[in-house]
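Here is a friendly briefing to read alongside the coordinates. It goes through cores, a pocket and disulfides in turn.

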Amino acid sequence: MTPSHGQSSVTSTDFFKHHTLLPPVSLTVSPNRSQVFPGQYVSLSCEDDSSAGWTLRRNTSDKTRTQCGDGWGRPAGSICNISHMVSWHSGVYWCESREGATSNSINITVTGGPVILQSPVLPVTEGEVLTLHCKTKTSSNLSAGFYKDGSFIRTEPAGHMTIHHVSRSDEGLYQCLISTVLLDLCSTELGPVERATPSLTVSPSSSQMFKGQSVSLSCEEDDSSAGWTLRRNTSRETRTQCGDGWGISAGPSCNISHMVSRHSGVYWCESREGATSNSINITVPGGPVILQSPVLPVMEGEDLTLHCKTKTSSTLPADFYKDGSFIRTEPAGHMTIHHVSRSDEGLYKCNISSVGESPSSWVSVTGEEVTFDFRNRLQLVIRLVCHLVVFCPYCISTFLMVSLYRQRATGNTVNHSLTLQSINQSINQSIN
């Protein structure tokens, strides 16, 4: 999640340290934080007593597996120094040996906002003390409100919150807000304007393919000028694009005329700006049987049909399994699950007697969920307050001016009536 003006977040997906076999080298970062301001100095170190020749690498939105010194950072032995952090330095960093062994990974975000949340870059052990600091570029002791998973925890007058004896229940998404940045929040939009992302589709719609099949993948989007490129990761290559040794590019589509096992991998669409579509996992097993299952998640309540097929037939009797357990035998080779629910999500495979068994495929089930981002909700409230602060004095002053005008108008009418009455009395006295 990208921090906005006045707030900052950290995702702790691996918040706690597990007592497992540690990697041969440990990656550390100084200063010890997962969020940094632009222009800050950062030093990353591969701590290891041996001379294994560890190299610091990173993945960013633009490039993958680049090493320190290759257009970024300055290597100094087992240390990599980045003298001036900028937004494109945001990414995942790790140490890697010549033999391919890797260390722990660290996610670093360079935020352009005025506030960051300083949190541990490495997992915290249960029972330890955890301290979170809400900081601006110039101060680290301003009063700040802290939130977890979108819910307010408390306000800390000194800008840092301590959790004693952390446990699994403390794991989550933390954010902080410094109220003195209210004016910045008032002038910002409810969220960044996001261009429509494409949907990747595949024809035939199956996550498993026979060798020799023809497959067409398409990046479907209304804006044809977005410049979407089809990419893939396989066991041999990463982030290669259609036409670069595989497939024939045809506008938003990529056609593979003859599928082979090396085409197995994860496919997705990517724009010039780095935005990505949904990803599709395609397997070319090479066996005599495949399970034809949806490549995209199935909506709750819909019907799901799985087909067990050979190269020459799709109507042979087949046994179906889920998560390794037998479900039933279908005489026509296809099984339908009516009104799927979350409990139907799992790993499916099929077996045709005397022919063979298919590989397993994961079937995802999703529901129509309406979510409202915490950042947008918070900014909506603040913008409402800002509008009230601006318009209330105007309304009050307008009301007072109208009231005063009416009072003056009433006063003039009374004085005018009294004057006319006095003149009439004088005339009557003169006549008499």
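In this predicted model, the largest nonpolar core holds 20 residues. L44, L56, Y93 and I108 have the most contacts inside that core. A second, separate core has 19 residues, including L200, V202, L217 and C219.

**Around the largest core**

- Five strands each give two or more residues to the largest core: β2 (26-30), β4 (42-47), β8 (79-82), β9 (91-96) and β10 (102-110).
- Leaving aside residues up to four places away in sequence, L44 touches L27, T28, V29, L56, S78, I79, C80, I82, Y93 and I108.
- As a general backdrop, nonpolar side chains in soluble globular proteins tend to be buried together.

**The second largest pocket**

- This pocket offers about 250 Å³ of space.
- It is lined by 13 residues, and S207, N281, P294, V295 and W362 are the closest to its centre.
- Two elements, β24 (276-282) and β33 (361-363), give two or more residues to the lining, and β33 gives the most, with three.
- If you are thinking about the chemistry of the lining, it has six nonpolar and seven polar residues, and no charged ones.

**Disulfides**

- There are six disulfides in the structure, and three of them are described here, including the pair C46 and C95.
- The sulfur atoms of C46 and C95 are 2.1 Å apart, and the torsion about their S-S bond is about -100°, so this disulfide is left-handed.
- Because C46 sits in strand β4 and C95 in strand β9, the pair ties together parts of the chain 49 residues apart in sequence.
- Both ends are buried: C46 has a relative accessible area of 5%, and C95 has 0%.
- C242 is joined to C254 with an S to S distance of 2.0 Å; the torsion here is about 85°, so the link is right-handed.
- C242 lies in the loop between β20 (240-241) and β21 (248-250), while C254 lies in strand β22 (residues 253-256), 12 residues apart.
- C242 counts as buried at 10% relative accessibility, as does C254 at 1%, since the cut-off for buried is under 20%.
- C308 and C350 form another disulfide, with sulfur atoms 2.1 Å apart, and this link is right-handed, with 85° about the S-S bond.
- The pair connects strand β27 (residues 304-310), which holds C308, to strand β31 (residues 346-352), which holds C350, across 42 residues.
- C308 is buried at a relative accessible area of 0%, and C350 is also buried, at 0% relative accessibility.

Notes: Residues numbered from 1 in each chain as written. Predicted model: local features only at pLDDT ≥ 70, side-chain atom pairs only at ≥ 80, totals over all residues. Heavy atoms only, no water. Core = buried A, V, L, I, M, F, W, Y, C linked by side-chain atoms within 4.5 Å. Buried < 20%, exposed > 50% of the residue type's maximum accessible area, 1.4 Å probe, protein only. Helix = DSSP H or I, 4+ residues; strand = E, 2+ residues; numbered from the N terminus. Contact = heavy atoms within 4.5 Å. 1 Å grid on protein atoms, 1.4 Å probe; cavity = no way out; pocket = protein on both sides within 12 Å on 5 of 7 lines; lining within 4 Å. Points joined across faces, edges and corners; volume = space filled by probe spheres on them. Nonpolar A, V, L, I, M, F, W, Y, C, P; charged D, E, K, R; others polar. Disulfide = S-S within 2.5 Å.
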